[in-house]
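This report goes through selected features of one protein model, from charged pairs to surface and pocket. The sequence and structure come first.

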Amino acid sequence: MDKKFVFTVMYSCLGFILSLMAMNYIVDPVDIFDSGFFRMRAPNDRFRTILELKKHPEVDSAILGSSRVAALMPSALEKYLPDYKFYNFNISNGTPRDYAKFFDYMLKRPNKLKCVYLELDSINIRYIFNDIDLDKRHHPEVQLEESLFEFYLRALVSFMPERTYKKITDKSKGHELVLERGGRLDMTVFNKQKQDPKKYSAEEPSFHNPKERHFRGTSIKESVSYVRKIKEVCDKNGIKLIVTFYPNNANFLDAIVMEDFAEYLKGIAQITDFYYFGGYNSVACNDEYYVEESHCIPQVDDMMLKFIFDKDKKGLPADFGVYVTKDNVGKIAEDLIKSGKERDAFNAERFK
């Protein structure tokens with residue numbers, strides 16, 4: 001074989017790999033290198049949250065949940081629990097499996113884990129495990145399957161044309177964020193909603209789209225098993241555990257099969273008592289409490305904390321919040337299914 005041809009191919013391949021590595025570092029499609037050439041667009045929060053946690057050695061407690069718990073600032077929780085220092089592990093599309101991974105990681109830190117605030121929601125009944133894609137992969141110290149060097153190397157040599165293109169062509173403006181030990185308030189969005197909640201909710205498209213109940217509980221057993229694991233370790237080690245259910249907006253709930261959600265509630269209630277804010281209550285059915293169908297305004301987090309910790313419930317909607325045990329979960333599940341059927345009848349008229 002012609003040596004010149006062989007060397008040409010070798011140098012071409014080497015050139016491509018080096019060019020790809022340089023582009024991935026500069027563009028940083030999954031926002032892990034902090035190269036600073038382009039604004040962060042869709043960072044891997046499962047990876048970055050560990051980098052941020054390392055800046056806070058004082059932390060001894062954890063807030064675990066999806067992006068829906070992002071607006072719960074640690075200081076707000078510490079007003080009621082002053083003996084703990086919380087870190088908020090909110091992550092996009094978070095699952096109980098993710099929460100269990102962070103929980104295990106916290107157990108290995110020098111500071112003894114003292115308290116866990118675990119926020120679950122209806123979407124936990126179905127999810128797809130995804131530890132392969134770089135934008136969903138956990139930090140190596142959490143994943144325990146590769147070194148940090150291997151993680152970075154994988155990010156440098158991965159071919160990500162779609163994410164790279166979107167990052168380069170992104171013309172959107174950055175948002176004003178308030179950050180606190182993992183907690184995150186998007187003030188750009190919240191301030192816009194606060195100016196005129198009625199007008200905002202009327203113009204937010206996610207509040208006005210008809211849904212079909214297609215979201216089935218294909219992962220109920222898996223989700224329950226991870227919550228059970230967390231509960232058992234907390235009991236064994238004297239760790240305080242507070243479990244809540246997020247108040248999903250009614251328009252979001254319209255896609256959930258209520259019988260499956262009810263089954264999930266029953267499964268969790270066999271493991272631990274919890275504070276339930278879900279279902280079609282007056283908060284969920286009022287779009288002015290939300291910035292879109294997936295995320296509520298910070299005041300709702302305050303209302304949840306008031307229900308959980310404050311003896312005086314004055315000012316809270318009468319139907320917002322129930323303390324659920326294995327003894328009353330059957331009635332809660334029954335009411336949930338019934339309210340789902342009533343909502344379906346309401347929507348049939350609404351979207352005629």
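## Salt bridges

Lys352 is exposed, because its relative accessibility is 78% and the cut-off for exposed is over 50%. The model is a predicted one. The side chain of Lys352 forms a salt bridge with that of Glu349, at 3.2 Å from N to O. Glu349 also counts as exposed, because its relative accessibility is 51%. Elsewhere, salt bridges with shared partners link Arg137, Glu145, Glu146 and Arg154 into one network.

Within that network, Arg137 is bridged to Glu146, with 2.7 Å between the closest N and O atoms. Arg137 and Glu146 are both buried.

Another salt bridge pairs Glu78 with Arg181, at 2.5 Å from N to O. Glu78 belongs to helix α3 (residues 74–78) and Arg181 to the loop between β4 and β5, so this pair ties together parts that are 103 residues apart in sequence. Glu78 is buried because its relative accessible area is 11%, and Arg181 is buried because its value is 13%. In general, side chains of opposite charge can pair when their charged atoms come close. Over the whole structure, the search finds 26 salt bridges.

The three pairs described here are set out below.

| Residue pair | N to O distance | Accessibility |
|---|---|---|
| Glu78 and Arg181 | 2.5 Å | Glu78 buried, 11%; Arg181 buried, 13% |
| Arg137 and Glu146 | 2.7 Å | both buried |
| Glu349 and Lys352 | 3.2 Å | Glu349 exposed, 51%; Lys352 exposed, 78% |

## The largest pocket

The largest pocket holds about 1,500 Å³ of space. It is lined by 41 residues, and those closest to its centre are Arg41, Pro43, Asp45, Leu177 and Arg184. In general terms, empty space of this kind is found by rolling a probe the size of a water molecule over the atoms.

Which element gives the most to the lining of the largest pocket? That element is α2, with five residues. Helices α2 (45–53) and α8 (187–195) are among the elements that each supply at least two lining residues. Strands that do so include β2 (86–88), β4 (177–180), β5 (183–186), β8 (290–292) and β9 (295–296). Sorted by class, the lining has 17 charged residues, twelve polar and twelve nonpolar.

## A nonpolar surface patch

Phe16, Ile17, Phe149, Leu153, Val157 and Phe159 make a nonpolar patch of about 620 Å² on the surface. Two helices, α1 (3–27) and α6 (148–157), each supply at least two residues of the patch. The largest share, three residues, comes from α6.

Phe159, another member of the patch, sits in the loop between α6 and α7 (161–169). Phe159 is classed as exposed because its relative accessibility is 58%.

## Backbone at two aspartates

Asp31 and Asp34 deserve a look at their backbone angles. Asp31 has a phi near 55 degrees, a positive value in a residue other than glycine, and phi of Asp34 is likewise positive, near 55 degrees. As a general matter, most residues other than glycine have a negative phi.

Asp31 lies in the loop between α1 and α2, and Asp34 is placed in the loop between α1 and α2 as well. Is each of these aspartates buried, partly exposed or exposed, and what is its relative accessibility? Asp31 counts as buried because its relative accessibility is 1%. Asp34, with a relative accessible area of 46%, is partly exposed, because the partly exposed class lies between under 20% and over 50%.

## Two buried leucines

Leu241 is part of strand β6 (residues 240–245). With a relative accessible area of 19%, Leu241 is buried, because the cut-off for buried is under 20%. The C-alpha atom of Leu241 is 8.8 Å from that of Ile230, and the two residues are eleven residues apart along the chain.

Leu305 is found in helix α13 (residues 298–309). Its relative accessibility of 2% is why Leu305 counts as buried. Leu305 and Ile50 are separated by 255 residues in sequence and by 26 Å in space, C-alpha to C-alpha.

Key: Residues numbered from 1 in each chain as written. Predicted model: local features only at pLDDT ≥ 70, side-chain atom pairs only at ≥ 80, totals over all residues. Heavy atoms only, no water. Patch = residues over 30% accessible without salt bridge, like charges linked within 9 Å, V, L, I, M, F, W, Y side chains within 5 Å. Areas by Shrake-Rupley, 256 points an atom, 1.4 Å probe, with all protein chains shown as cover. Salt bridge = Lys/Arg side-chain N within 4 Å of Asp/Glu carboxyl O. Helix = DSSP H or I, 4+ residues; strand = E, 2+ residues; numbered from the N terminus. Buried < 20%, exposed > 50% of the residue type's maximum accessible area, 1.4 Å probe, protein only. 1 Å grid on protein atoms, 1.4 Å probe; cavity = no way out; pocket = protein on both sides within 12 Å on 5 of 7 lines; lining within 4 Å. Points joined across faces, edges and corners; volume = space filled by probe spheres on them. Nonpolar A, V, L, I, M, F, W, Y, C, P; charged D, E, K, R; others polar.
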